[in-house]
Amino acid sequence: MRVLQLGPFPPPHGGVQSNLVAIRSFLRQHGIGCAIINITRHRKTEEDEVYYPSSAAGVIELLWRLKYDVLHLHLGGMLTRRVQALGLVCTLQPRKVSVLTFHSGGYPSTPEGKATGPGSFAGLVFRRFNGMIGVNQEIMSFFERLRVPREKTRLIQPHSFLPAQQSTGTMPSAFESFFYTHHPMLVSVGGLEPEYDLPLQIDALRLVRERFPAAGLLLVGSGSLEMELRRKIGECSYAQDILLCGDVPHATTIQLIARADLMLRTTLYDGDAISVREALHVGTPVIASDNGMRPAGVHLIPKANRAALLQAICAELAQPVRSRRAYVTDDNNVRSVLNFYQELLRAKA
C-alpha cells in the first residue's frame with residue numbers, strides 16, 4: 001500500500017497539519033509509503049516526498065504522476081467552490097481509493113453549512129468519495145444530511161503528533177518582563193479572527209483581576225482583527241495587562257504555554273486545536289469552548305458565555321499548583337485510519 005495525502009503541511013502548525021503528520025509518521029513506522037501534497041500558500045523546498053505545487057494545474061499533474069493506492073484529502077475551514085472542485089478531482093483518479101477527512105469543527109451549524117443540502121455540489125462531491133471521516137458527531141450528522149451512505153463514513157477524532165518540544169530556555173525580553181509583572185498568567189493561542197471570540201477573553205480579564213489583581217493575558221497569533229482588538233484593548237483601564245504578541249516562533253509559543261497558569265481556547269467555530277493538545281502535553285490546564293472534539297482533560301465551557309468562562313478561570317486558579325506531567329496520547333486514532341484504508345482497498349479489489 002502507498003498513501004498520498006493532500007492538505008496543509010507544517011509550518012505553520014495547526015490541528016489539521018498535526019493530524020496529517022501523525023498519519024504519515026504512523027504509516028511510515030509500519031513500512032507504508034506516504035507522500036504529501038501541500039495545498040496551502042506556504043511553501044518550502046520539496047524533499048522527503050513532500051510536494052509544494054504552485055498552481056491547481058501543478059496539483060493535478062502530481063495526482064496523475066505519483067504512485068499511490070489511497071488518496072486522502074484533508075479539508076478544514078469553509079467548503080468553498082475551489083475546495084469542492086479539488087475534492088471532485090480527487091474522486092476522478094482511476095483505480096484509486098479516495099478518502100476525505102472533514103476537519104471543520106462547527107461548520108454544519110454555520111449559515112453556509114445549514115444551507116448545504118443533498119442536492120448541492122458539495123453533496124454530490126462528498127458522495128463520490130469511497131470513504132468519509134468526520135471528526136465529531138455534528139459532522140457525521142452533516143454527512144447523513146448530505147445522504148452520504150453510512151457504510152462509507154467513520155467517526156475518527158484527530159490524533160496530534162506531538163514531538164518533543166523545548167519548553168524552557170531564553171525567552172524574548174518583552175515576554176520575560178510581562179511574566180515578571182503578572183501572575184497568574186493566561187495565554188491564548190490562535191488567529192486574531194472572529195471565530196476565536198477574543199473580546200470575550202478581554203472582557204473576562206477585567207472580572208478576573210477583581211479577584212487576582214496582577215493577572216495578565218497573552219494573545220498569541222495574528223489576523224484580520226488586529227487593529228480592532230488593539231483599539232478595544234486601548235480603551236480598557238487594564239490595557240497594560242494584555243499583550244498582543246503577534247506570530248511568534250513555534251518553540252517560543254511552547255515556552256509561553258508551558259509557563260502560563262492557564263490556556264484559554266474560546267471559540268465560536270473550531271476544529272481540533274493543536275495548541276490545546278500542546279498545552280496538555282506540557283501540563284498547562286486548558287479551558288476551551290465545547291466543540292464536541294476536545295481531548296480528555298480539558299475544562300469545557302459553553303460557547304460565548306462570559307459567566308462560564310469567569311467561573312472556570314477562577315475554579316482552575318483556586319486549585320493547588322499541580323506538578324507538570326506530560327500528556328500521554330495513544331495511536332488508536334491513526335490506527336483506525338489505517339484500518340479504514342485497508343477495509344476500503346479490500347472492498348475495491
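## Close-up views of a predicted model

**View 1. Ring pairs join Phe102, Tyr107, Phe126, Phe142 and Phe143 into a cluster.** Welcome to the aromatic part of this predicted model. Across the structure, the count of aromatic pairs comes to six. One of them brings together Phe102 and Phe126: the ring centres are 5.7 Å apart and the planes meet at 70°, which is over 60°, so the pair is edge-to-face. This pair links distant parts of the chain, with Phe102 in strand β5 (residues 97-102) and Phe126 in helix α5 (residues 121-128), 24 residues apart. Phe102 has 0% relative accessibility and counts as buried. Phe126, at 2%, counts as buried too.

**View 2. Phe126 also pairs with Phe142.** Here the arrangement is edge-to-face, with 6.3 Å from centre to centre and 90° between the planes. Because Phe126 lies in helix α5 and Phe142 in helix α6 (residues 137-145), the pair ties together parts that are 16 residues apart in sequence. Phe142 has a relative accessibility of 1%, so this residue counts as buried.

**View 3. Phe126 and Phe143 are among the residues with the most contacts inside the largest nonpolar core.** This core has 33 residues, and Leu4 and Leu6 share that place in the list of best-connected members. Two or more residues come from each of β1 (2-7), β2 (33-38), α2 (56-65), β4 (70-75), α3 (81-91), β5, α5 and α6. Which element gives the most to this core? Helix α6 does, with four residues. As background, nonpolar side chains tend to be buried together in soluble globular proteins.

**View 4. Phe143 touches residues from several places along the chain.** Leaving aside residues up to four places away in sequence, Phe143 is in contact with Phe102, Phe126, Met132, Ile133, Gly134, Val148 and Thr153. Apart from the largest core lies another one, of 31 residues. Leu229, Ile242, Leu244 and Ala308 are among the members of that other core.

**View 5. Two rings each have a charged side chain over the face.** What lies over the face of Tyr68? Lys96 does, at 4.6 Å from the ring centre. For Phe179, the residue over the ring face is Arg259, at 4.8 Å from the ring centre.

**View 6. Gly283 sits in the loop between α11 (274-282) and β12 (286-289).** Is Gly283 buried or partly exposed? Its relative accessibility is 22%, and buried means under 20%, so Gly283 counts as partly exposed. Gly283 and Ala258 are 25 residues apart in sequence, with 7.1 Å between their C-alpha atoms.

**View 7. Stepping back, the protein has 13 helices and 13 strands.** The radius of gyration is 21 Å, close to the 20 Å that the globule rule gives for 349 residues, so the protein is as compact as a globular protein of that length. Along the principal axes, the C-alpha atoms fill a box of roughly 65 × 40 × 35 Å. Of the 349 residues, 53% count as buried. Among contacts between residues at least 6 apart in sequence, 72% join residues at least 24 apart. The protein exposes about 16,000 Å², and carbon and sulfur atoms supply 52% of that area.

Technical notes. Residues are numbered from 1 along each chain as its sequence is written. This is a predicted model: local features need pLDDT of at least 70, side-chain atom pairs count only at pLDDT 80 or more; totals for chains, interfaces and linings use all residues. Side-chain values use heavy atoms; hydrogens and water are left out. Rings of Phe, Tyr and Trp (its six-membered ring) pair if their centres lie within 6.5 Å; planes under 30 degrees apart count as stacked, over 60 as edge-to-face and the rest as tilted. Buried means under 20% relative accessible area, exposed over 50%, partly exposed in between (1.4 Å probe, protein chains only). A charge sits over a ring if NZ of Lys or CZ of Arg is within 6 Å of the ring centre and within 35 degrees of the ring normal. A nonpolar core is a set of buried Ala, Val, Leu, Ile, Met, Phe, Trp, Tyr and Cys residues joined through side-chain atoms within 4.5 Å. Contact means heavy atoms within 4.5 Å. The radius of gyration is taken over C-alpha atoms; the globule rule is 2.2 Å times the number of residues to the power 0.38. Accessible areas come from the Shrake-Rupley method with a 1.4 Å probe; for residues, only the protein chains shown count as cover.
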